[in-house]
Amino acid sequence: MKSKKLSLILCSALLLLCAACVNEDTEVSESTSQEEGPSEADPTPSDTSSSEEVESYTRYQRYYYLPYASDFSGKTSGGSFSKNGLTWTYTSCNPNNDNSDYQRGLQINSSGNTKGWTLSTNFGENVCLEDVQVGIATNDSFEAQITFGDYTIGNVSTKTQTVTEFDLSGNYYIGDSLTFTCTDGGSKSCYLKYIAFTIYTLPSSTLELTTDVSEGDYSTEIKDRNYSVSDVNTYYSSINDSMSGETLFTALYSISTIKTKISYGDARYCLPYTDQNVDDSSHLYGVYDGASLVPGWDQGSTWNREHVWPQAKVGESSSLSASTTDARSDLHNLRACAISPNSAKGDKYFDEKNSTLADTFYPNYGDTTTDHRGDVSRVCFYMYLMYRDSNSVNLSDNPASGTSSTYGILSTMLRWNNEDPVDEFETQRNNRVEEYQGNRNPFIDHPEYADRLFN
């Protein structure tokens with residue numbers, strides 16, 4: 001197992017659907033809970049497995065299932081089906097019979113009254129659960145509970161376009177079954193859109209899980225670019241060596257305006273270009289661990305859009321959705337990231353591995369031989385430059401005592417900026433983000449600006 005510290009993030013991603021019917025033009029909102037850290041509504045399980053017991057579970061497996069209504073055809077009174085290595089049982093539901101891509105999903109009930117509806121599976125052996133996500137589409141409130149073996153993981157209460165997240169970092173869950181129970185489905189139609197989770201099994205396990213990658217769910221699309229790459233000398237011609245502090249801040253800010261704002265949804269189809277591995281063009285280069293990631297977007301089953309500066313700390317109050325175009329969709333701050341390091345990082349501050357401060361994350365995750373310290377530092381310097389005045393973000397050595405938009409640890413980042421110099425990937429990525437947004441990260445082109453700005 002890559003990390004001794006397992007986290008569980010429960011997300012309920014609510015997609016806007018018409019109550020009477022679903023049509024091809026339906027606008028949906030996206031779940032973001034895989035990509036960020038804990039909310040304040042943390043569950044409190046009564047007991048967890050010991051770390052010693054958990055250490056025996058080392059075989060990683062990812063499960064991802066997108067339901068077709070035909071999987072439940074003729075079983076309105078309840079039944080079972082097998083998918084991707086597991087058998088699921090469920091109680092009475094009302095499946096939609098149209099299997100076109102835009103209507104994929106199990107219609108739990110066409111007129112509400114979904115209270116008590118359950119969907120469960122048994123693994124046939126004990127497994128160690130790392131994370132679970134369940135996507136529900138509705139245009140009313142929805143409440144549900146997740147149980148795993150003997151543990152009640154937590155309750156989720158959501159409404160349209162909201163996300164509830166649970167962080168169980170440091171807790172360990174070993175069990176043989178997973179059950180999803182609707183405790184209150186409201187009065188409108190509810191659709192099950194996907195089920196996903198990560199488990200670890202014993203090395204001797206014969207359990208084989210797979211992910212659902214179907215037409216319409218896996219996209220190799222790359223969004224068209226908008227601009228040419230600038231000549232770097234010309235781009236910074238207004239900056240001189242005498243500038244520092246606030247004078248340098250003002251000058252850099254004036255040349256860093258985003259010309260075209262990319263939406264958070266479109267970022268799914270930009271990152272396969274911006275984050276392409278310089279040594280292997282068939283894969284993306286994952287932040288924190290250098291993972292080789294398959295580039296196509298598969299609903300976040302393989303990789304997430306990681307906010308290097310956490311989206312919860314950029315001073316935006318609206319719900320994050322596919323159409324969002326603000327600090328949270330800035331491509332300079334979004335990186336392709338594997339599931340495990342994304343979950344481990346959450347909203348934590350960046351600091352050394354042996355940090356004595358609470359809630360910190362060392363950006364060279366696990367046993368990686370790649371160095372990401374300078375990369376993430378220069379992203380954070382950029383975010384400070386771009387959003388200090390508009391969103392009141394700040395960088396500090398003591399971010400916990402600052403506002404909710406304060407991040408750090410600044411002195412560590414300044415040191416990392418010098419110890420881990422700009423590499424070919426960062427330069428390539430800076431060029432490619434400019435092709436979309438029309439602006440560059442000056443701290444990649446001129447890392448020395450960081451010391452002049454903050455010191």
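**Entry 1. The end of α8**

Which residue follows α8, and what is the sign of its phi? I looked this up in a model that is predicted. The residue after α8 is Gly438, and its phi is positive, near 85 degrees.

**Entry 2. The chain as a whole**

I next recorded the general make-up of the chain. It contains 10 helices and 19 strands. Of its 455 residues, 57% are buried. I then turned to contacts between residues at least 6 apart in sequence, and I noted that 77% of these join residues at least 24 apart.

**Entry 3. Helix α8**

I returned to α8, which spans residues 424-437. This helix has 14 residues. From its first C-alpha to its last it reaches 20 Å, which is close to the 20 Å expected at 1.5 Å a residue.

I examined the start of α8 as well. There, a side-chain oxygen of Asp423 comes to within 3.3 Å of the backbone nitrogen of Phe425.

Is α8 mostly covered or mostly uncovered? I found that it is mostly covered, with 11 of its 14 residues buried. Among the buried residues are Phe425, Glu426, Arg429 and Asn430. The list of buried residues also includes Val433, Tyr436 and, at the end of the helix, Gln437.

**Entry 4. The largest cavity**

I consulted the cavity search for the whole structure, which finds 7 cavities of 30 Å³ or more. The largest cavity holds about 90 Å³ of space.

Which elements give two or more residues to the lining of the largest cavity? They are α6 (373-391) and α8 (424-437). The most comes from α8, with 4 residues.

I then read through the lining by name. Phe425, Glu426, Arg429 and Asn430 belong to it, and these residues are also buried residues of α8. Asp375 and Val379 are in the lining too, as are His332, Arg335, Asn441 and Ile444. By class, I recorded 3 nonpolar, 3 polar and 4 charged residues in this lining.

**Entry 5. Helix α7**

My last search concerned α7, a helix of residues 410-419. Its buried residues are Leu410, Thr412, Met413, Leu414, Trp416 and Asn417.

Against which elements do the buried residues of α7 pack? I listed three strands and two helices as their partners: β16 (349-350), β18 (394-395) and β19 (406-407), together with α6 and α10 (449-454). Helix α6 thus appears in two of my entries: it packs against buried residues of α7, and it gives two or more residues to the lining of the largest cavity.

Technical notes:
Residues numbered from 1 in each chain as written. Predicted model: local features only at pLDDT ≥ 70, side-chain atom pairs only at ≥ 80, totals over all residues. Heavy atoms only, no water. 1 Å grid on protein atoms, 1.4 Å probe; cavity = no way out; pocket = protein on both sides within 12 Å on 5 of 7 lines; lining within 4 Å. Points joined across faces, edges and corners; volume = space filled by probe spheres on them. Nonpolar A, V, L, I, M, F, W, Y, C, P; charged D, E, K, R; others polar. Expected span 1.5 Å × (residues − 1). Buried < 20%, exposed > 50% of the residue type's maximum accessible area, 1.4 Å probe, protein only. Polar contact = N/O pair within 3.5 Å; in protein donor to acceptor, adjacent residues only side chain to side chain. Contact = heavy atoms within 4.5 Å.
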